[in-house]
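Q: Please take a close look at the nonpolar interior of this structure. I should like one connected account that also sets this part against its surroundings and the confidence of the coordinates.

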Amino acid sequence: ASNKRTQILSAAQKLFQEKGLGMVKMEDLAKAAAMGKSTMYYYFKSKVIFSVSNFRWNNLLKSAQSGSV
């Protein structure tokens, strides 16, 4: 389960950087993560919750890269 969540967050990070949060649809995220839309909604009930999770994920990655974790 956490592997799929990680896969989704990784795909989202790329899309959000390319298009910006407002321009990315859940369909775009599902396609980028190679999953169905229903799978996306299973892990993230809305794009708002998804964007908060993605923000936390990005901060965790930055901390890990800098050795702060």
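A: Two residues are in contact when heavy atoms of theirs lie within 4.5 Å. Among the contacts in the chain with a separation of 6 or more, 56% are made by residues 24 or more positions apart. The model is predicted, and its confidence is taken up at the end of this account.

The frame around the interior is helical. The chain has four helices and zero strands, and along the sequence the pattern reads α-α-α-α. Of the 69 residues in the chain, 30% are buried. The accessible surface comes to about 4700 Å², and carbon and sulfur atoms hold 56% of that area.

In soluble globular proteins, nonpolar side chains tend to be buried together. Here the largest nonpolar core has 15 residues. Ile8, Phe16, Val24, Leu29, Ala33, Met40 and Phe44 are the members with the most contacts inside this core. Two or more residues each come from helix H1 (2–19), from H2 and from H3. H1 supplies the largest share, with six residues.

A further relation in space involves one of those core residues, Ala33. Thr6 and Ala33 are separated by 27 residues in sequence, yet their C-alpha atoms are 9.7 Å apart. Thr6 belongs to helix H1. It is not itself buried, because its relative accessibility of 29% places it in the partly exposed class.

The next residue to consider is Ala34, which sits in the loop between H2 and H3. Its phi is positive, at about 60°, although the residue is not a glycine. With a relative accessible area of 66%, Ala34 is exposed; the cut-off for that class is over 50%.

H2 and H3 are also linked by a polar pair. The structure holds one salt bridge, in which the side chains of Glu27 and Lys37 meet at 2.9 Å, N to O. Glu27 is in helix H2 (residues 26–32) and Lys37 in helix H3 (residues 37–43), 10 residues apart, so the pair links distant parts of the chain. Both partners are partly exposed: Glu27 has a relative accessibility of 39%, and Lys37 has a relative accessible area of 38%.

An aromatic contact completes the picture. A pair of aromatic rings is described by the distance of the centres and the angle of the planes. The structure has one aromatic pair. It is formed by Tyr42 and Tyr43, whose ring centres are 5.0 Å apart and whose planes stand at 90°, so the arrangement is edge-to-face. The two rings belong to residues of opposite classes: Tyr42 is exposed, at 58% relative accessible area, whereas Tyr43 is buried, at 16%.

Finally, confidence. The mean pLDDT of the chain is 78, and 65% of the residues score at least 70. Helix H2 has the highest confidence, with a mean of 90, and helix H4 (residues 47–66) has the lowest, with a mean of 66. Where pLDDT is low, the predicted coordinates should not be read in detail. The core contribution of H2 therefore comes from the helix with the highest mean confidence, while H4 calls for the greatest reserve.

Definitions and conventions: Residues are numbered from 1 along each chain as its sequence is written. This is a predicted model: local features need pLDDT of at least 70, side-chain atom pairs count only at pLDDT 80 or more; totals for chains, interfaces and linings use all residues. Side-chain values use heavy atoms; hydrogens and water are left out. A salt bridge is a side-chain nitrogen of Lys or Arg within 4 Å of a carboxyl oxygen of Asp or Glu. Buried means under 20% relative accessible area, exposed over 50%, partly exposed in between (1.4 Å probe, protein chains only). A nonpolar core is a set of buried Ala, Val, Leu, Ile, Met, Phe, Trp, Tyr and Cys residues joined through side-chain atoms within 4.5 Å. Rings of Phe, Tyr and Trp (its six-membered ring) pair if their centres lie within 6.5 Å; planes under 30 degrees apart count as stacked, over 60 as edge-to-face and the rest as tilted. pLDDT is the predictor's confidence in each residue, from 0 to 100. Accessible areas come from the Shrake-Rupley method with a 1.4 Å probe; for residues, only the protein chains shown count as cover.
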